[in-house]
Amino acid sequence: MRVSLIQLAVDPAEPTAARRERAAGLVRAQRGRDLVVLPELWTIGAFAFDSFTTGSEPLNGPTATAMSAAARDAGVWLHAGSILERDPDGALFNTSLLFAPDGTLARTYRKIHLFGFDQGEAVLLSAGHDIVTAPLPETVLGLATCYDLRFPELFRALVDAGAQTLVIPAGWPERRRAHWTLLARARAVEDQAYVLACGTAGTHAGVQQAGHSLVIDPWGEVLAEAGPDEQVLTADLDMDRVARTREEFPALRNRVLGR
Ligand SMILES: NC(=O)CCC(=O)C(=O)O
(Lines give C-alpha, C1' and ligand atoms only; values in the text may rest on other atoms or scores of the structure.)
Protein backbone atom coordinates (compact mmCIF):
# COMPACT_ATOMS: atom_id res chain seq x y z
CA MET A 1 0.00 0.00 0.00
CA ARG A 2 1.48 3.32 -1.06
CA VAL A 3 0.87 6.08 1.47
CA SER A 4 1.56 9.82 1.58
CA LEU A 5 1.43 11.90 4.76
CA ILE A 6 1.06 15.61 4.06
CA GLN A 7 2.68 17.45 6.95
CA LEU A 8 1.15 20.88 6.34
CA ALA A 9 2.51 24.08 7.84
CA VAL A 10 -0.19 25.99 9.71
CA ASP A 11 0.79 29.65 9.50
CA PRO A 12 -1.71 32.20 10.86
CA ALA A 13 -0.61 34.63 8.11
CA GLU A 14 -2.08 32.29 5.49
CA PRO A 15 -5.88 32.61 5.19
CA THR A 16 -7.75 29.34 5.76
CA ALA A 17 -9.19 29.40 2.24
CA ALA A 18 -5.70 29.64 0.75
CA ARG A 19 -4.43 26.76 2.90
CA ARG A 20 -7.46 24.70 1.93
CA GLU A 21 -6.71 25.25 -1.74
CA ARG A 22 -3.04 24.46 -1.20
CA ALA A 23 -3.92 21.26 0.69
CA ALA A 24 -6.28 20.21 -2.11
CA GLY A 25 -3.48 20.76 -4.65
CA LEU A 26 -1.07 18.65 -2.60
CA VAL A 27 -3.67 15.86 -2.37
CA ARG A 28 -4.23 15.99 -6.16
CA ALA A 29 -0.47 15.62 -6.66
CA GLN A 30 -0.62 12.24 -4.83
CA ARG A 31 -2.42 10.48 -7.72
CA GLY A 32 -1.11 6.89 -7.82
CA ARG A 33 -0.90 6.56 -4.03
CA ASP A 34 -3.45 4.39 -2.21
CA LEU A 35 -3.93 6.46 0.94
CA VAL A 36 -3.19 10.11 1.66
CA VAL A 37 -3.27 11.55 5.19
CA LEU A 38 -3.53 15.17 6.42
CA PRO A 39 -3.01 16.40 10.02
CA GLU A 40 -5.34 17.51 12.82
CA LEU A 41 -7.24 20.83 12.56
CA TRP A 42 -4.99 22.11 9.78
CA THR A 43 -7.57 24.70 8.69
CA ILE A 44 -7.04 26.83 11.83
CA GLY A 45 -4.47 25.07 14.03
CA ALA A 46 -5.02 22.70 16.95
CA PHE A 47 -4.00 25.36 19.50
CA ALA A 48 -5.84 28.32 17.94
CA PHE A 49 -8.60 28.15 20.57
CA ASP A 50 -9.71 31.75 19.96
CA SER A 51 -10.74 30.72 16.43
CA PHE A 52 -12.54 27.51 17.37
CA THR A 53 -16.04 28.96 17.01
CA THR A 54 -15.44 31.07 13.91
CA GLY A 55 -13.38 28.28 12.31
CA SER A 56 -16.02 25.60 12.81
CA GLU A 57 -17.99 24.17 9.90
CA PRO A 58 -20.61 21.50 9.24
CA LEU A 59 -19.83 18.11 7.72
CA ASN A 60 -20.87 19.44 4.32
CA GLY A 61 -18.87 22.67 4.76
CA PRO A 62 -16.04 24.10 2.65
CA THR A 63 -13.26 21.81 3.90
CA ALA A 64 -15.24 18.59 3.42
CA THR A 65 -16.39 19.77 -0.01
CA ALA A 66 -12.84 20.63 -1.12
CA MET A 67 -11.38 17.39 0.25
CA SER A 68 -14.08 15.25 -1.35
CA ALA A 69 -13.26 16.79 -4.73
CA ALA A 70 -9.51 16.38 -4.19
CA ALA A 71 -9.89 12.69 -3.23
CA ARG A 72 -12.03 12.09 -6.32
CA ASP A 73 -9.66 13.94 -8.66
CA ALA A 74 -6.64 12.07 -7.29
CA GLY A 75 -8.50 8.73 -7.11
CA VAL A 76 -7.15 8.05 -3.61
CA TRP A 77 -8.46 7.20 -0.18
CA LEU A 78 -8.07 10.46 1.70
CA HIS A 79 -7.90 10.77 5.47
CA ALA A 80 -8.40 14.53 5.38
CA GLY A 81 -7.19 15.05 8.95
CA SER A 82 -9.70 16.71 11.23
CA ILE A 83 -11.97 19.75 11.12
CA LEU A 84 -13.82 21.63 13.81
CA GLU A 85 -17.24 20.16 13.17
CA ARG A 86 -20.30 22.19 14.16
CA ASP A 87 -23.29 19.89 14.44
CA PRO A 88 -26.89 21.06 13.78
CA ASP A 89 -27.33 21.83 17.52
CA GLY A 90 -24.24 24.03 17.57
CA ALA A 91 -22.02 21.55 19.47
CA LEU A 92 -18.38 21.47 18.36
CA PHE A 93 -16.30 18.34 17.78
CA ASN A 94 -12.77 17.64 16.55
CA THR A 95 -13.83 15.36 13.69
CA SER A 96 -11.67 13.38 11.28
CA LEU A 97 -12.94 12.79 7.75
CA LEU A 98 -12.16 9.77 5.59
CA PHE A 99 -13.06 9.99 1.89
CA ALA A 100 -13.22 7.10 -0.59
CA PRO A 101 -11.60 7.49 -4.04
CA ASP A 102 -14.98 8.47 -5.52
CA GLY A 103 -15.21 11.38 -3.08
CA THR A 104 -17.80 9.79 -0.80
CA LEU A 105 -17.43 10.59 2.91
CA ALA A 106 -16.82 7.01 4.10
CA ARG A 107 -16.21 7.61 7.82
CA THR A 108 -16.08 10.32 10.45
CA TYR A 109 -14.33 10.01 13.79
CA ARG A 110 -14.96 12.45 16.64
CA LYS A 111 -11.88 12.74 18.88
CA ILE A 112 -12.55 10.96 22.16
CA HIS A 113 -9.80 12.36 24.41
CA LEU A 114 -9.92 16.16 24.31
CA PHE A 115 -6.69 17.99 25.14
CA GLY A 116 -6.20 20.85 27.57
CA PHE A 117 -7.23 19.57 31.01
CA ASP A 118 -9.51 22.41 32.20
CA GLN A 119 -8.99 24.74 29.25
CA GLY A 120 -8.77 24.88 25.44
CA GLU A 121 -10.18 21.97 23.50
CA ALA A 122 -11.26 20.17 26.68
CA VAL A 123 -13.76 22.90 27.60
CA LEU A 124 -14.67 24.23 24.15
CA LEU A 125 -15.50 20.95 22.40
CA SER A 126 -17.69 17.92 22.96
CA ALA A 127 -16.04 14.50 23.05
CA GLY A 128 -16.79 11.64 20.69
CA HIS A 129 -17.61 8.16 21.97
CA ASP A 130 -17.41 5.85 18.99
CA ILE A 131 -14.58 3.48 18.04
CA VAL A 132 -14.17 3.90 14.28
CA THR A 133 -12.53 1.51 11.83
CA ALA A 134 -12.68 1.51 8.04
CA PRO A 135 -12.00 -1.39 5.69
CA LEU A 136 -9.89 -0.39 2.68
CA PRO A 137 -8.96 -2.82 -0.12
CA GLU A 138 -5.46 -3.36 1.39
CA THR A 139 -6.03 -2.98 5.15
CA VAL A 140 -8.40 -2.01 7.93
CA LEU A 141 -7.81 1.50 9.28
CA GLY A 142 -8.31 2.41 12.93
CA LEU A 143 -8.90 6.12 13.53
CA ALA A 144 -7.54 8.20 16.42
CA THR A 145 -6.50 11.85 16.85
CA CYS A 146 -3.47 13.45 18.51
CA TYR A 147 -3.96 13.36 22.34
CA ASP A 148 -5.71 9.97 21.86
CA LEU A 149 -2.17 8.64 21.29
CA ARG A 150 -1.65 8.70 25.06
CA PHE A 151 -4.50 6.24 25.71
CA PRO A 152 -3.47 2.69 24.73
CA GLU A 153 -6.89 1.26 25.61
CA LEU A 154 -8.40 3.11 22.63
CA PHE A 155 -5.91 1.44 20.30
CA ARG A 156 -6.58 -1.99 21.80
CA ALA A 157 -10.27 -1.39 21.17
CA LEU A 158 -9.43 -0.49 17.56
CA VAL A 159 -7.37 -3.66 17.17
CA ASP A 160 -10.20 -5.71 18.69
CA ALA A 161 -12.45 -4.13 16.05
CA GLY A 162 -10.07 -5.36 13.33
CA ALA A 163 -7.66 -2.44 12.79
CA GLN A 164 -4.34 -3.22 11.11
CA THR A 165 -3.22 0.34 10.31
CA LEU A 166 -3.61 3.09 12.92
CA VAL A 167 -4.01 6.59 11.47
CA ILE A 168 -3.28 9.48 13.83
CA PRO A 169 -3.56 13.05 12.56
CA ALA A 170 -2.07 15.47 15.07
CA GLY A 171 -1.08 19.01 15.95
CA TRP A 172 1.65 17.96 18.40
CA PRO A 173 3.94 20.59 19.97
CA GLU A 174 7.71 20.51 19.54
CA ARG A 175 8.04 20.75 23.32
CA ARG A 176 6.76 17.17 23.71
CA ARG A 177 8.22 15.68 20.52
CA ALA A 178 10.00 12.94 22.49
CA HIS A 179 6.58 11.70 23.71
CA TRP A 180 5.21 11.75 20.15
CA THR A 181 7.92 9.49 18.79
CA LEU A 182 7.96 7.19 21.81
CA LEU A 183 4.18 6.75 22.03
CA ALA A 184 3.71 6.29 18.28
CA ARG A 185 6.34 3.53 18.27
CA ALA A 186 4.82 1.99 21.41
CA ARG A 187 1.36 1.83 19.79
CA ALA A 188 2.88 0.10 16.73
CA VAL A 189 4.75 -2.46 18.84
CA GLU A 190 1.99 -3.24 21.33
CA ASP A 191 -0.76 -3.40 18.71
CA GLN A 192 1.43 -5.00 16.01
CA ALA A 193 0.04 -2.56 13.50
CA TYR A 194 1.29 0.05 11.06
CA VAL A 195 1.13 3.57 12.50
CA LEU A 196 0.67 6.59 10.23
CA ALA A 197 1.13 9.65 12.43
CA CYS A 198 0.76 12.93 10.55
CA GLY A 199 1.50 16.20 12.36
CA THR A 200 1.60 19.87 11.40
CA ALA A 201 4.60 22.14 10.89
CA GLY A 202 5.06 25.84 11.65
CA THR A 203 4.04 27.88 14.68
CA HIS A 204 0.49 28.97 15.44
CA ALA A 205 -0.98 30.55 18.59
CA GLY A 206 2.59 30.73 19.88
CA VAL A 207 2.97 26.94 19.87
CA GLN A 208 5.80 25.56 17.74
CA GLN A 209 4.66 22.35 16.09
CA ALA A 210 6.83 19.25 16.13
CA GLY A 211 6.40 18.10 12.54
CA HIS A 212 8.31 14.79 12.43
CA SER A 213 5.40 12.82 11.02
CA LEU A 214 6.04 9.09 11.17
CA VAL A 215 5.37 5.88 9.29
CA ILE A 216 6.07 2.95 11.62
CA ASP A 217 5.84 -0.75 10.88
CA PRO A 218 4.27 -3.44 13.14
CA TRP A 219 7.70 -4.25 14.61
CA GLY A 220 8.11 -0.64 15.70
CA GLU A 221 10.69 0.28 13.07
CA VAL A 222 10.40 3.82 11.70
CA LEU A 223 10.05 3.44 7.92
CA ALA A 224 9.89 7.18 7.23
CA GLU A 225 10.15 10.32 9.34
CA ALA A 226 9.61 13.93 8.29
CA GLY A 227 11.69 16.88 9.39
CA PRO A 228 10.28 19.95 11.15
CA ASP A 229 9.00 21.80 8.05
CA GLU A 230 6.16 21.27 5.60
CA GLN A 231 6.80 18.03 3.75
CA VAL A 232 5.08 15.18 1.94
CA LEU A 233 6.28 11.92 3.47
CA THR A 234 5.83 8.77 1.39
CA ALA A 235 6.25 5.06 2.13
CA ASP A 236 5.33 1.75 0.54
CA LEU A 237 3.87 -0.70 3.06
CA ASP A 238 3.86 -4.50 2.84
CA MET A 239 0.44 -5.23 4.31
CA ASP A 240 1.21 -8.94 4.87
CA ARG A 241 3.60 -7.83 7.58
CA VAL A 242 0.77 -7.22 10.05
CA ALA A 243 -0.50 -10.81 9.89
CA ARG A 244 3.07 -12.19 9.80
CA THR A 245 4.14 -10.20 12.87
CA ARG A 246 1.01 -11.21 14.80
CA GLU A 247 1.56 -14.86 13.85
CA GLU A 248 5.31 -15.07 14.50
CA PHE A 249 5.23 -13.09 17.78
CA PRO A 250 1.71 -13.75 19.11
CA ALA A 251 1.66 -11.24 21.98
CA LEU A 252 -1.84 -10.05 21.07
CA ARG A 253 -3.10 -13.63 21.37
CA ASN A 254 -1.41 -13.95 24.77
CA ARG A 255 -3.48 -11.21 26.35
CA VAL A 256 -5.01 -12.20 29.67
CA LEU A 257 -6.75 -8.99 30.82
CA GLY A 258 -9.29 -6.79 29.07
CA ARG A 259 -10.48 -9.15 26.35
N1 LIG B 1 -3.93 18.57 19.88
C2 LIG B 1 -3.60 17.71 20.84
O3 LIG B 1 -4.31 16.76 21.09
C4 LIG B 1 -2.31 17.98 21.54
C5 LIG B 1 -1.84 16.81 22.37
C6 LIG B 1 -0.58 17.11 23.11
O7 LIG B 1 -0.02 18.21 22.99
C8 LIG B 1 0.01 16.10 23.98
O9 LIG B 1 -0.61 15.03 24.17
O10 LIG B 1 1.09 16.34 24.52
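Which residue of strand 12 does Ala197 stand opposite? Keep that one in mind; it gets solved in Exercise 2. Some ground rules come before the exercises. This is a predicted model, where local features need pLDDT of at least 70, side-chain atom pairs count only at pLDDT 80 or more, and totals for chains, interfaces and linings use all residues. Residues are numbered from 1 along each chain as its sequence is written.

**Exercise 1. Work out whether strand 9 is covered on one face or on both.**

Step 1: find the strand. Strand 9 covers residues 194-198; helices (H or I, at least four residues) and strands (E, at least two) are DSSP runs, numbered from the N terminus.

Step 2: count burial. A residue is buried if 20 or more other C-beta atoms lie within 10 Å of its own, exposed if 12 or fewer, and partly exposed in between, with C-beta atoms placed from the backbone. By that rule, 5 of the 5 residues in strand 9 are buried.

Step 3: split the faces. In a regular strand the side chains alternate between the two faces of the sheet. Here Tyr194, Leu196 and Cys198 sit on one side, Val195 and Ala197 on the other, and all are buried, so both faces are covered.

**Exercise 2. Find the pairing partners of strand 9, with their sense.**

Step 1: take strand 8, residues 165-169. Strand 8 pairs with strand 9 in the parallel sense over 5 bridges; pairing takes at least two bridges found by DSSP. Along this pair, Ile168 stands opposite Ala197, and Pro169 has Cys198 as its bridge partner.

Step 2: take strand 12, residues 214-216. This pairing with strand 9 is antiparallel and has 3 bridges. Here's the opening puzzle solved: Ala197 faces Leu214 in strand 12.

Step 3: add the helix. Strand 8, helix 5 (residues 177-191) and strand 9 form a right-handed β-α-β unit. Right-handed says that, with the strands pointing away from the viewer, the path from the first strand over the helix to the second runs clockwise.

**Exercise 3. Place strand 8 in its surroundings.**

Step 1: check burial. Strand 8 is largely enclosed by the rest of the structure because 5 of its 5 residues are buried.

Step 2: sort the sides. Thr165, Val167 and Pro169 lie on one side, with Leu166 and Ile168 on the other, and both faces are covered.

Step 3: look at strand 7. Strand 7 and strand 8 pair in the parallel sense over 3 bridges, with Leu141 opposite Thr165. The chain gets from strand 7 to strand 8 through helix 4, in a right-handed β-α-β crossover.

**Exercise 4. Describe where Thr145 sits and what it touches.**

Step 1: locate Thr145. The loop between strand 7 (140-143) and helix 4 (152-160) holds Thr145.

Step 2: classify Thr145. It counts as buried because it has 29 C-beta neighbours inside 10 Å.

Step 3: list contacts, meaning C-beta atoms, placed from the backbone, within 7 Å of each other. Leaving out residues up to four places away in sequence, Thr145 touches Glu40, Ser82, Asn94, Ser96, Tyr109, Lys111, Ile168 and Pro169.

**Exercise 5. Compare the settings of Ala205 and His212, each with a positive phi.**

Step 1: note the background. Most residues other than glycine have a negative phi.

Step 2: read the angles. Ala205 has a positive phi of about 50°, and His212 has a positive phi of about 50° too.

Step 3: locate them. Ala205 is in the loop between strand 10 (203-204) and strand 11 (207-208), while His212 is in the loop between strand 11 and strand 12.

Step 4: check exposure. Ala205 is partly exposed, with 16 other C-beta atoms within 10 Å, whereas His212 is buried, with 22.

**Exercise 6. Sort the residues around the ligand by class.**

Step 1: list the shell, using a C-beta atom, placed from the backbone, within 6 Å as the cut-off. The residues are Glu40, Ala46, Phe115, Cys146, Tyr147, Arg150, Gly171, Trp172, Pro173, Arg176 and His179.

Step 2: apply the classes. Ala, Val, Leu, Ile, Met, Phe, Trp, Tyr, Cys and Pro count as nonpolar, Asp, Glu, Lys and Arg as charged, and the others, Gly among them, as polar. That gives 6 nonpolar, 2 polar and 3 charged residues.

Key. Two residues are in contact if their C-beta atoms, placed from the backbone, lie within 7 Å.
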